[in-house]
Amino acid sequence: MRVAELVGRTLAELGVGAAFGVVGSGNFEATNGLRSGGVRFVAARHEGGAASMADAYARMSGRVSVLSLHQGCGLTNALTGITEAAKSRTPMIVLAGDTAASSVLSNFRVDQDALADAVGAVPERVHGARTAVADTVRAYRTAVQQRRTVLLNLPLDVQAQEAPEAVRIPKIPGPASIRPNAEAVATLADLLVEARRPVFIAGRGARGSATSLKALAEVSGALLATSAVAHGLFRDDPFSIGIAGGFSSPLAADLVKGADLVIGWGCALNMWTTRHGTLLGPDARLVQVDVDQAALGAHRPIDLGVVGDVTSTAVDVHAELARRGHSAQRQRTGSRWNDLPYNDLSGDGRIDPRTLSRRLDEILPAERVVSVDSGNFMGYPSAYLSVPDENGFCFTQAFQSIGLGLGTAIGAALARPDRLPVLGVGDGGFHMAVSELETAVRLGIPLVVIVYNDAAYGAEIHHFGAADMTTVRFPDTDIAAIGRGFGCAGVTVRSAEDLAAVTEWLGGPRDVPLVVDAKIADDGGSWWLAEAFRH
């Protein structure tokens, strides 16, 4: 066995989930090593799409994923998706070929370690046959225990070396729980006892902690909200007010503004979650709970920072309040965008994006996994399409790049085959990633692609006002026909009545993806984007 195959087999034995990539000469043997070890490999049409697939798969499955790439251009093609994963602390191994140290004039030669450093990933490499297993285990340990995206470089000359036989692969546990210290628990309990209108905002670090947070909220009188990435965490809880930040409903925004104590649980309390701070009352006390001390107060001053994981901290504070005999009342509240009246802009062959989103929420099965690309449209699927839990919403927005949505939706679909995959994407992001429609068709994924089509880069249209828009407007394209050309079902929607075709597809075999070309009405700039552009 050669080192290239050994590295792939080692990752398989360590327990990685699926692998994604585009195979070239530099990653051919390593990819086959993964496959021979029992890891599913998904061949994408572009490395950028593969990166988003691997990112989403890891987020939705809870398992470390692998992105397999050729050296040089294979890595640079995937760099935007890798940056998104790194910024989101996605536990993912980027397994990339690399040029031999002596190949100084190779066309493929770039400083791959520097590329990883530049985008926030952790550079590692396989140094030789004798250390190949240890090098691979080190990369995996960093990914799973530190929740990091790791670039594992495989130089071609090292790949070709003969590997030692019968190397033992250790078991690597997941991240250990981090309990807060007693003083921090007591101080947080003091703040909850003093508060009259507390609000919890749960973020990425709170995924999987709904039970403990709900129990603490019940005794402390807190309302429950999430950041966008944790959408669905408190689904159907009568004291949930939905997403905090740009996607907040008017009532939810008022309730957060009226809070006298706001606690971010595994949540950065960044400009998006707090609307540049305007969502927070001037006298509200702020608390952050996070496993990473550097995250505490990174975006705005806080009154208390607690180092600890969300579940352990919530359980310990709950026990402290119980010891004191504290309990508080709270009022039920409804704050869904879907229940609010609005002036329907549909007409002249275009459908209001709110009408589109609300009607699709009614039509599509409740057991769904919704992925959202970036752009002017993105508030509509995020706010109007309900999800069953936090594993029903995949939001790759840490780098704010459009074009990641289609790959994201495919990765999420493979992680959650029990749910209908749904993608909300603008026409710009759709066109950027259109090659991956073939991947969805080839894999037989019953993906519903909702294209919010305004034939423009909508954010720029609404941000720059009366300026010359020639560079950001495009001829309207028949996106439904493009979908059919790839082997999808394709429908054009100009009114609510046209959505009958979606119902018909849902009632069929769902053996090919459905592309919905929704010609949307001009919303004058979506509400969440208008809020962002004011600052």
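Here are some friendly questions and answers about the structure above.

Me: What kind of model is this, and what pLDDT do local features need?
Reply: Happy to start there: residues are numbered from 1 along each chain as its sequence is written, and side-chain values use heavy atoms, with hydrogens and water left out. This is a predicted model in which totals for chains, interfaces and linings use all residues, side-chain atom pairs count only at pLDDT 80 or more, and local features need pLDDT of at least 70.

Me: In what order do the strands of the sheet with S1 run?
Reply: Strands are DSSP runs (E, at least two residues), as helices are (H or I, at least four), numbered from the N terminus. Two strands pair if DSSP finds at least two bridges between them. Here 6 strands pair in parallel to form an open sheet, in the order S2-S1-S3-S4-S6-S5.

Me: Why is one side of S2 and of S5 left without a neighbour in that sheet?
Reply: Strand S2 covers 41-43 and strand S5 covers 122-125. One side of each is free because both stand at the edges, each with a single partner strand.

Me: Which residue in S6 does Leu-95 stand opposite?
Reply: S4 (residues 92-98) and S6 (residues 149-155) pair in the parallel sense over 7 bridges. Further along, Asp-98 has Pro-155 as its bridge partner in S6. On the S3 side, where 5 bridges join S3 to S4, Ser-68 stands opposite Leu-95. In S6, the residue opposite Leu-95 is Leu-152.

Me: How many of the residues of S4 are buried?
Reply: Buried means under 20% relative accessible area, exposed means over 50%, and partly exposed lies in between (1.4 Å probe, protein chains only). Met-92, Val-94, Ala-96 and Asp-98 point one way from S4, while Ile-93, Leu-95 and Gly-97 point the other way, and all are buried. The count for S4 is therefore 7 of 7, by that under 20% cut-off.

Me: In what order do the strands of the sheet with S7 run, and which strands stand at its edges?
Reply: This open sheet has 6 strands with parallel pairing, in the order S9-S8-S7-S10-S11-S12. Each edge strand has a single partner, so one of its sides lacks a neighbour in the sheet; these strands are S9 (240-243) and S12 (304-307).

Me: At about what angle to S7 does helix H10 run?
Reply: S7 (residues 198-202) and S10 (residues 261-265) pair in the parallel sense over 5 bridges, and Pro-198 has Leu-261 as its bridge partner in S10. Angles run from 0 to 180 degrees between N-to-C directions, with axes fitted to C-alpha atoms, for helices over the stretch in contact; contact means heavy atoms within 4.5 Å. Helix H10 (residues 210-220) lies across S7, S8 (223-226) and S10, and its angle to S7 is about 170°.

Me: Is Ile-178 buried or partly exposed?
Reply: Ile-178 sits in the loop between helix H8 (156-159) and helix H9 (182-194). Its relative accessibility is 32%, so Ile-178 counts as partly exposed.

Me: What phi does Gly-444 take just after H18?
Reply: Helix H18 (residues 436-443) has as its buried residues Glu-436, Leu-437, Glu-438, Thr-439 and Ala-440. Just after H18, Gly-444 takes a positive phi of about 65°.
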